[in-house]
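Please walk through this structure step by step, from its general make-up to single residues and the pairs they form. How are surface and interior told apart, and what links one part of the chain to another?

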Amino acid sequence: FFPGCFCAGPQVYAAAQDQQCAWMNHLLPYLTLIIPIVGSIFGLVIWTAIRFNLRKKHSIGDTSGCSPFDCLTVFCGPCFGCQELRSLVKENWDWYGLYQEQK
């Protein structure tokens, strides 16, 4: 489970920004999650950024700036995760399928 969890996150982060997954832009921020306290702060920032980017990408709500709905990751992580995955196509988070295709 650990490799899948660690590979899917950067993949979703890249998809939220409409970019290809890259080591520096998408994997490196996830490595900060290992650091105590700092990792928690970075985690909230990353997940809020993903939610903001997905809402902007799909024109949901006011997209002119960060809204309180973007910060829901603090209160309801599972709800946020389900909404996030529901708004993406499978290729954006299926790291194992991409690994098998050698992409």
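A residue is called buried when its relative accessible area is under 20%, exposed when that area is over 50%, and partly exposed in between. By this rule isoleucine 37, with a relative accessible area of 66%, counts as exposed because its value lies over the 50% cut-off. The model in which this value was computed is a predicted one, and the description that follows should be read with that in mind.

Taken as a whole, the protein contains five helices and zero strands, so that from the N terminus on its elements can be written as α-α-α-α-α. Of its 103 residues, 30% count as buried, while the surface that the protein exposes comes to about 7000 Å², with carbon and sulfur atoms supplying 67% of that area. When the contacts with a separation of 6 or more are considered, 46% of them are accounted for by residues that stand 24 or more positions apart.

The first two helices offer a convenient place to begin. Helix α1 covers residues 2–16 and includes tyrosine 13, whereas tyrosine 30 is found in helix α2, which spans residues 23–31. These two tyrosines form an aromatic pair with edge-to-face geometry, the ring centres being 6.5 Å apart and the planes 65 degrees from each other; the structure holds one aromatic pair. Because tyrosine 13 belongs to α1 and tyrosine 30 to α2, the pair ties together parts that are 17 residues apart in sequence. Along the backbone, the C-alpha atoms of tyrosine 30 and tyrosine 13 are separated by 9.6 Å. Both tyrosine 13 and tyrosine 30 are buried, and for tyrosine 30 the relative accessible area is 6%.

Another residue of helix α1 is glutamine 11, and with a relative accessible area of 17% glutamine 11 is buried, because this value falls under the 20% cut-off. Its C-alpha atom lies 5.7 Å from that of cysteine 21, although glutamine 11 and cysteine 21 are ten residues apart along the chain.

Between α1 and α2 runs a loop that contains aspartate 18. The phi angle of aspartate 18 is near 55 degrees, which is a positive value in a residue other than glycine, and at 57% relative accessibility aspartate 18 counts as exposed. The side chain of aspartate 18 also meets that of lysine 57 in a salt bridge, with an N to O distance of 3.0 Å; the structure holds one salt bridge. This pair links distant parts of the chain, since lysine 57 belongs to helix α3 and aspartate 18 to the loop between α1 and α2, 39 residues apart. How exposed are the two partners? Lysine 57, at 34% relative accessibility, counts as partly exposed, whereas aspartate 18, at 57%, counts as exposed.

Moving along the chain, one comes to the loop between α2 and α3, where isoleucine 34 and isoleucine 37 are both placed. Isoleucine 37 has a positive phi of about 65 degrees although it is not a glycine. Isoleucine 34 is exposed as well, with a relative accessible area of 63%, and together with Trp23, Met24, Leu28 and Leu31 isoleucine 34 forms a nonpolar patch on the surface, for which the combined accessible area is about 610 Å².

Helix α3 comprises residues 38–57. With 20 residues, α3 reaches 28 Å from its first C-alpha to its last, which is close to the 28 Å expected at 1.5 Å a residue. Which residues of α3 are buried? They are Gly39, Gly43, Ile46, Thr48, Ile50, Arg51, Asn53, Leu54 and Arg55. As background for reading such a list, an α-helix has 3.6 residues a turn, so residues three or four places apart point the same way. Just after α3, serine 59 takes a positive phi of about 50 degrees.

Two side-chain pairs thus connect separate parts of the chain: tyrosine 13 with tyrosine 30, across 17 residues, and lysine 57 with aspartate 18, across 39 residues.

Notes
Residues numbered from 1 in each chain as written. Predicted model: local features only at pLDDT ≥ 70, side-chain atom pairs only at ≥ 80, totals over all residues. Heavy atoms only, no water. Helix = DSSP H or I, 4+ residues; strand = E, 2+ residues; numbered from the N terminus. Buried < 20%, exposed > 50% of the residue type's maximum accessible area, 1.4 Å probe, protein only. Contact = heavy atoms within 4.5 Å. Areas by Shrake-Rupley, 256 points an atom, 1.4 Å probe, with all protein chains shown as cover. Patch = residues over 30% accessible without salt bridge, like charges linked within 9 Å, V, L, I, M, F, W, Y side chains within 5 Å. Salt bridge = Lys/Arg side-chain N within 4 Å of Asp/Glu carboxyl O. Phe/Tyr/Trp six-rings, centres within 6.5 Å; stacked < 30°, edge-to-face > 60°. Expected span 1.5 Å × (residues − 1).
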